[in-house]
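Here are my notes on the model you sent round. They are set out as numbered points, to be read with the structure open.

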Amino acid sequence: MASTEVDVPQTLQVRLVSDSGEEAGPPLDLPTGTTVAQLGLICNALLKNEEATPFLFFVNEEEIKESLEGTLNLRKIDTEAVVDIVYQPQSVFRVRPVTRCTSSMPGHAEAVVSLSFSPDGQHLASGSGDKTLRLWDLNTETPHYTCSGHTQPVLCIAWAPDSSKIASSCQAGIIRIWSPETGKQLGRPLTGHKKYIKCLSWEPYHDNPECRRIASAGADNDVKIWDVTLGQCLMTIAGHTKAVTNVRWGGIGLIYTASQDRTIKVWRASTGSLCRTLTGHGHWVNCLALNTDYVLRTGPFHPVTDKGKIASGSQLREVALARFKAVCADDVESFVSCSDDRTLYLWQSNRTKCITRMTGHQNVVNEVKYSPDCKIIASASFDKSVRLWRAHDGAFICALRGHVQAVYQVAWSADSRLLVSGSKDSTIKVWSVQTKKLAQDLPGHADEVFAVDWAPDGSRVASGGKDKVIKMWAY
């Protein structure tokens, strides 16, 4: 009998293309033994990168781990055709997984419900059921200021994008603005909401470097826009018929709101007029995340890449705008919503119909977050898992399992390679996106972990919860 063995090609004609389909250069003849490292050298040369950028490479959405022949089924490939290899630039810096608790910081008299590092990475703030906001010294990992004034539990905190001030809102429906440098209240309290305030969102830095305007929303169904310098409500946006659970002030002049009335609404920030109502969820919408969240959070500076060379004055706005445009070049923001109906929906700011419906969670989906590089979406659920999804089309990547109780919150590392989750099971866990496995299990809290945040410079993680203690974690 004649042999049916097919010759394995020694070379392949390949074309390196970006996520968006742009070709790095003309097609190349490459040996089938070409490694990932060699592909990286070729890609950097074609793109004329002055500094070597690390890349991931994919063929038909399968990552090339070692070499072309190790990934491709060469016997089945059409050797006459050009093989497209998709390259994805990776962050140049690497964040190391946190492995140990460096401090346990008591001080709050009730549960810690919200935690946030400032955009410049210099401060940490926490909000608690004890009616206070606390500011912590990151150098000594000790309490710095206790900000008192609220008469009800603090439910939400939000840093201005220039790190100059922080807002806190409480169950009584009052917002207070604080200085991280003095711990003192700035201006008068902002009053007008009739019920508790669940969410706050500042106007993006590139739209207004003065950082004067903030949006708030909560149980009275309304969204209010405030001028924190004047201490006045500029606008009340009404339209939801039940409590607003989340508000996001996007970078293209739109405000996005999610509600227990099962809808998401998109508003024009300048006038408060309704652009569109998005429907589909069968139960409360719990959380929204924008693909621009990370660049809007860090505003005019990135604490890793800008160390020692932060711009000043009028440059800051240009830097913030350039960062935003790099993520949102076409002035269309993508965003994702999650719900008690156990699903997520992927949307675009210029469309009324969803891009896709993402299913798989077996219980309430509590929180959702885009990775800083906008490639992956992470969702936290009461089904004890964290799920990862491909950001551009919502395709399911994997489920991260290990928690034995509901997962409340997730936070990404600045390089998008790691993810931390906080759970009712009293642990936080660090996950590797590359291996899709647990990188570090961090027990230590005495009760449920309600809040986690990863510092923008990647140096540490903070967690807090029912045991009233804030823990700092580092490598």
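Which residues are exposed on the other side of α4? Point 3 takes this up, after some remarks on the whole chain.

1. The model is a predicted one. The protein has 37 strands and 4 helices. Its C-alpha trace spans about 90 × 50 × 45 Å along the principal axes. A compact globule of 475 residues would have a radius of gyration near 23 Å, and the protein agrees with this because its own value is 23 Å.

2. Some totals for the protein follow. Of its 475 residues, 55% count as buried. The accessible surface comes to about 20200 Å², and carbon and sulfur atoms hold 47% of that surface. Counting contacts between residues at least 6 apart in sequence, 52% join residues at least 24 apart. As for charge, there are 51 positive and 50 negative side chains, and 8 Å separates the centres of the two sets.

3. Helix α4 covers residues 314-327, and its buried residues are Leu316, Ala320, Arg323 and Phe324. Seen down the helix axis, these buried residues fall within an arc of 95 degrees, so they line one face of α4. To return to the opening question, the residues exposed on the other side of α4 are Ser314, Glu318 and Ala326. The cover over the buried residues of α4 includes α3.

4. Helix α3 runs over residues 293-298, and threonine 298 lies in it. Is threonine 298 buried or exposed? Its relative accessibility is 1%, so threonine 298 counts as buried; the cut-off for buried is under 20%. Apart from residues up to four places away in sequence, threonine 298 touches Pro119, Pro161 and Pro456.

5. Strand β31 (residues 407-412) contains valine 410. With a relative accessible area of 0%, valine 410 is buried. What does valine 410 touch, not counting residues up to four places away in sequence? The list is Glu367, Lys369, Ala378, Ala380, Val386, Leu419, Val420, Ser421 and Val452. Valine 98 is 312 residues from valine 410 in sequence, and their C-alpha atoms are 14 Å apart in space.

6. Strand β32 (residues 418-423) contains serine 423. Serine 423 has 0% relative accessibility and therefore counts as buried. Its contacts, leaving aside neighbours within four places in sequence, are His403, Gln405, Ala406, Val407, Tyr408, Glu448 and Val449. For its position relative to helix α4, take alanine 320, one of the buried residues of that helix. Serine 423 and alanine 320 are 103 residues apart along the chain, and 34 Å separates their C-alpha atoms.

7. Alanine 439 is in strand β34 (residues 437-442). At 33% relative accessibility, alanine 439 counts as partly exposed, a class that lies between the 20% and 50% cut-offs. Leaving aside neighbours within four places in sequence, alanine 439 is in contact with Val430, Trp431 and Ser432. The C-alpha atoms of alanine 439 and leucine 419 are separated by 9.3 Å, with the two positions 20 residues apart along the chain. Leucine 419 also appears in point 5, as one of the residues that valine 410 touches.

8. Two loop residues should be looked at for their backbone angles. Most residues other than glycine have a negative phi. Cysteine 211 is not a glycine, yet its phi is positive, at about 50 degrees. Where does cysteine 211 lie? It is in the loop between β15 (197-202) and β16 (213-218). Cysteine 211 is buried, with a relative accessible area of 1%.

9. The second is arginine 262, also not a glycine, with a positive phi of about 75 degrees. Arginine 262 is found in the loop that runs between β20 (254-259) and β21 (264-268). At 46% relative accessibility, arginine 262 counts as partly exposed, whereas cysteine 211 is buried.

How values were computed. Residues numbered from 1 in each chain as written. Predicted model: local features only at pLDDT ≥ 70, side-chain atom pairs only at ≥ 80, totals over all residues. Heavy atoms only, no water. Helix = DSSP H or I, 4+ residues; strand = E, 2+ residues; numbered from the N terminus. Rg over C-alpha atoms; globule rule 2.2 N^0.38 Å. Buried < 20%, exposed > 50% of the residue type's maximum accessible area, 1.4 Å probe, protein only. Contact = heavy atoms within 4.5 Å. Areas by Shrake-Rupley, 256 points an atom, 1.4 Å probe, with all protein chains shown as cover. Lys, Arg positive; Asp, Glu negative; His and termini not counted. Charge placed at Lys NZ, Arg CZ, Asp CG, Glu CD. Arc of directions from axis to C-beta.
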